[in-house]
Amino acid sequence: MPDPEESSPDEKLYRIRHSLAHVMAQAVLEMREGSTLGFGPPIDDGFYYDFILSEPLTESDFPELEQRMRRILKKGQRFYQEEVPVEEAFARLEEMGEPYKREYAQELVERDTLQSLSFYRNGPFLDMCEGPHVDTTREIARDAFKLRSVAGAYWRGDSDNVMMTRIYAWAFADKETLDETVAAFELAQERDHKRLGRELDLFTFDDDVGRGLPLWMPNGTVIRDELEKLAVELEFKAGYQRVATPHIAKSGLYAQTGHLDHYRESMYPPMEVVEETPDGASLRESYMLKPMNCPHHHKIYAARLRSYRDLPLRLAEYGQVYRWEASGAVSGLARVRMLSMNDAHIYCTENQIRDVFAEVISEYDEAYRILGLKDYTIRLSRWDPDDPKGREKYVDAPEDWERTEAIIADLLDAMDIDYEDGQGEAAFYGPKLDVMFRTVTGRVEQLSTVQLDFAVPPRIGLSYVGDDGAEHVPYCIHRAPLSTHERFVALLIEHFGGAFPTWLAPVQVRVITVSENYGDYARGLVERMRANFVRAELASENDTVSKKIRDATTRKIPNLLIVGEREVAAGTVTLRRHGIREQLTLPFEEFEAGLAKTIANRSLEFTTP
RNA sequence: GCUCACAUAGCUCAGUCGGUAGAGCACGUCCUUGGUAAGGACGAGGUCAUCGGUUCGAAUCCGAUUGUGAGCACCA
């Protein structure tokens with residue numbers, strides 16, 4: 001999908017979208033008299049407006065709503081701005097029966113010490129609004145917008161507030177751009193990982209197992225295993241040591257680490273076990289599924305005395321963790337309740353933080369380079385000292401927050417890395433750097449992360465002996481450069497559209513015979529490739545060549561070898577690469593060498609020898 | 001968790017007014033041995049998500065539950 005056509009307030013497109021939002025609100029009020037308004041801003045590819053509706057509105061009402069909007073546009077309503085003194089504006093909003101606008105007006109006036117508030121009027125519709133707008137609705141193309149969806153949205157984005165009905169729409173300057181955007185969106189649906197996961201037999205879910213608990217099928221497991229192999233190699237080179245830890249721990253551990261204070265909502269409830277002791281008493285214990293690997297890794301750190309000479313100490317694990325994700329959040333592999341993480345914890349001194357962060361960032365770069373991922377942004381996720389729920393969300397240590405956030409921000413500046421500010425996005429134990437990706441369907445997701453933890457090591461009593469012979473508390477850096485297998489594979493499925501590079505492909509080579517007469521030759525090739533750990537297979541011999549090509553193409557298998565009379569006679573194969581029409585006939589040995597190189601280099605394209 | 005929508009064969013979907021279920025693909029058997037995106041014939045497949053209600057009768061109407069999707073909130 002192309003980048004959405006963004007607009008800023010000084011551009012015409014912004015004014016068109018903003019004005020269309022008013023036109024839609026006008027039409028909604030016609031259809032649902034007595035509804036009240038929330039916000040209705042322009043967005044990347046259109047606009048939305050929030051309402052408290054007097055009667056529900058669904059997508060089946062869209063045709064009527066669109067028609068009413070077109071009718072309004074045709075009328076050529078002019079937009080008039082009025083600056084209204086504060087008291088009069090308050091009275092007007094109350095009279096209009098707009099309690100949410102009234103609430104916001106109050107806040108605006110207090111925050112910006114305003115003397116007046118801006119209103120816009122077009123036709124019978126009046127809205128408190130900063131603008132800008134078009135001069136007249138005639139400036140808006142009647143065929144360049146399309147209502148998109150209706151969904152719930154909390155007033156002011158706060159789940160403690162009422163839920164409004166949000167209507168989203170696409171809107172552009174002309175019909176062509178709208179049509180292109182809608183077509184691109186529909187095309188993107190075909191790359192949706194949930195759909196491709198089913199079509200390519202990568203993973204499945206089963207109600208009897210549970211919501212958000214993925215079952216990786218053989219094809220999907222190949223991709224997991226290959227990614228894991230990549231991570232293990234990268235980590236070995238970077239000096240990580242691998243560890244393995246249980247999926248559960250006693251609840252007390254999470255009380256110590258602070259997870260029960262700050263992360264309980266995301267944890268499965270405890271398992272209570274009762275054991276009879278020899279003296280007849282009963283021993284009660286409570287265990288919890290781990291929501292993160294760090295507490296276990298901290299205990300490995302704590303298992304022996306550590307010296308500053310041991311630091312940075314890098315402990316890595318491919319661990320499975322369990323999180324009680326809100327039911328409405330669970331979605332395919334992008335949001336699951338069992339997460340497989342290429343996780344590691346790096347224990348270091350304060351002076352080492354910068355170097356460790358820099359080292360981890362270069363590990364990300366390497367992984368993204370290999371996979372050809374480029375469309376991402378960096379976010380510095382900080383705490384929010386003014387968050388009313390801050391006590392639940394973050395450890396209370398303002399000085400630590402400020403100091404550690406500054407360390408990371410300085411490093412990013414020194415490395416000349418652009419980043420966006422993520423106030424209120426920190427982990428409970430410290431600031432983090434998140435890598436944000438946009439999915440094919442336009443959603444922005446948090447993928448890889450590096451997190452600085454100043455809070456848990458002291459709580460759990462971690463220490464090292466410094467060069468001064470005294471005890472010090474280490475920092476812990478949490479990092480997961482490949483995100484979780486689940487979310488990362490979801491991204492890769494969509495990124496590659498299911499057509500994986502050879503090294504990742506569940507089936508790397510499929511051999512297609514022109515007829516059964518060449519089966520022996522074909523089986524010999526498959527056997528030889530499999531002996532070299534190539535995932536090769538023979539196509540069904542019962543179908544026509546056309547059918548076999550079609551099947552392999554639908555399965556998006558990267559390399560097809562066609563063998564018939566000519567190939568058998570010459571000891572060659574005809575290579576047909578996925579998505580490439582030109583074929584190449586070459587000696588099998590030559591293909592084999594090229595294949596080996598392609599796989600070893602994790603090339604995105606086939607490397608000819 | 002919240003708002004709205006949806007749930008029929010492994011997949012994609014028909015199913016009229018309430019009268020006991022249908023297609024294509026996939027799958028199985030057989031025929032066909034075919035040089036580049038669907039060769040042919042036959043067959044098997046469903047407690048219409050689950051539970052309850054209305055009705056002489058429910059895939060169809062109503063309710064609840066579970067699950068899925070789009071968003072919101074939360075987040076890797």
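This is a short tour of some salt bridges and some unusual backbone spots in a predicted model.

**Salt bridges, from one helix to distant loops**

Before you select anything, here is the overall tally: the model holds 47 salt bridges. We will visit a few of them.

Start with helix H2, which covers residues 62-75. Show the side chains of arginine 68 and glutamate 64, and you will find a salt bridge with an N to O distance of 2.9 Å. Both partners belong to this helix and sit four residues apart, about one turn of the helix. Are these two side chains in the open or tucked away? Arginine 68 is partly exposed, with a relative accessible area of 21%. That value lies just on the partly exposed side of the cut-off, because buried means under 20%. Glutamate 64 is also partly exposed, at 35% relative accessibility.

Next, select aspartate 160 and lysine 389. Their closest N and O atoms are 3.8 Å apart, and the pair forms a salt bridge. Which parts of the chain does this pair tie together? Aspartate 160 lies in the loop between strand S7 (145-154) and strand S8 (163-171), while lysine 389 lies in the loop between strand S17 (376-382) and helix H12 (390-393), so the bridge ties together parts that are 229 residues apart in sequence. Colour by accessibility if your viewer allows it. Aspartate 160 is exposed, with a relative accessible area of 59%, whereas lysine 389 is partly exposed at 32%.

Now move to glutamate 541 and arginine 523, whose side chains meet in a salt bridge of 3.6 Å, N to O. Glutamate 541 is in the loop between strand S25 (536-538) and helix H17 (545-554). Its partner, arginine 523, is in helix H16 (residues 519-531), and the two are 18 residues apart. Both ends are partly exposed: glutamate 541 at 22% relative accessibility and arginine 523 with a relative accessible area of 38%.

For the last stop in this part, select Arg379, Glu425, Lys432 and Asp434 together. These four residues are linked in a network of salt bridges.

**Backbone stops: cis peptide bonds**

Hide the side chains for a moment and look at the backbone. Most peptide bonds are trans, and the next two stops show cis ones.

Zoom in on glycine 131 and proline 132, which are joined by a cis peptide bond with omega about 0°. Where does proline 132 sit? It lies in the loop between strand S6 (125-128) and S7. You met S7 earlier, on one side of the loop that holds aspartate 160.

Then go to leucine 311 and proline 312. The peptide bond between them is cis too, with omega about -5°. Proline 312 is in the loop between helix H10 (294-302) and strand S15 (313-322).

**Backbone stops: positive phi**

Most residues other than glycine have a negative phi. Two residues on this tour have a positive one.

Select serine 483, where phi is near 60°. This serine is in the loop between strand S23 (475-480) and helix H15 (485-496). Is serine 483 buried or exposed? At 5% relative accessibility, serine 483 counts as buried.

Finish at lysine 556, where phi is likewise near 60°. Lysine 556 is found in the loop between H17 and strand S26 (559-563). H17 also borders the loop that holds glutamate 541. Unlike the buried serine 483, lysine 556 is partly exposed, with a relative accessible area of 23%.

Methods: Residues are numbered from 1 along each chain as its sequence is written. Chains are lettered from A and ligands numbered from 1 in the order in which they are written. This is a predicted model: local features need pLDDT of at least 70, side-chain atom pairs count only at pLDDT 80 or more; totals for chains, interfaces and linings use all residues. Side-chain values use heavy atoms; hydrogens and water are left out. Buried means under 20% relative accessible area, exposed over 50%, partly exposed in between (1.4 Å probe, protein chains only).
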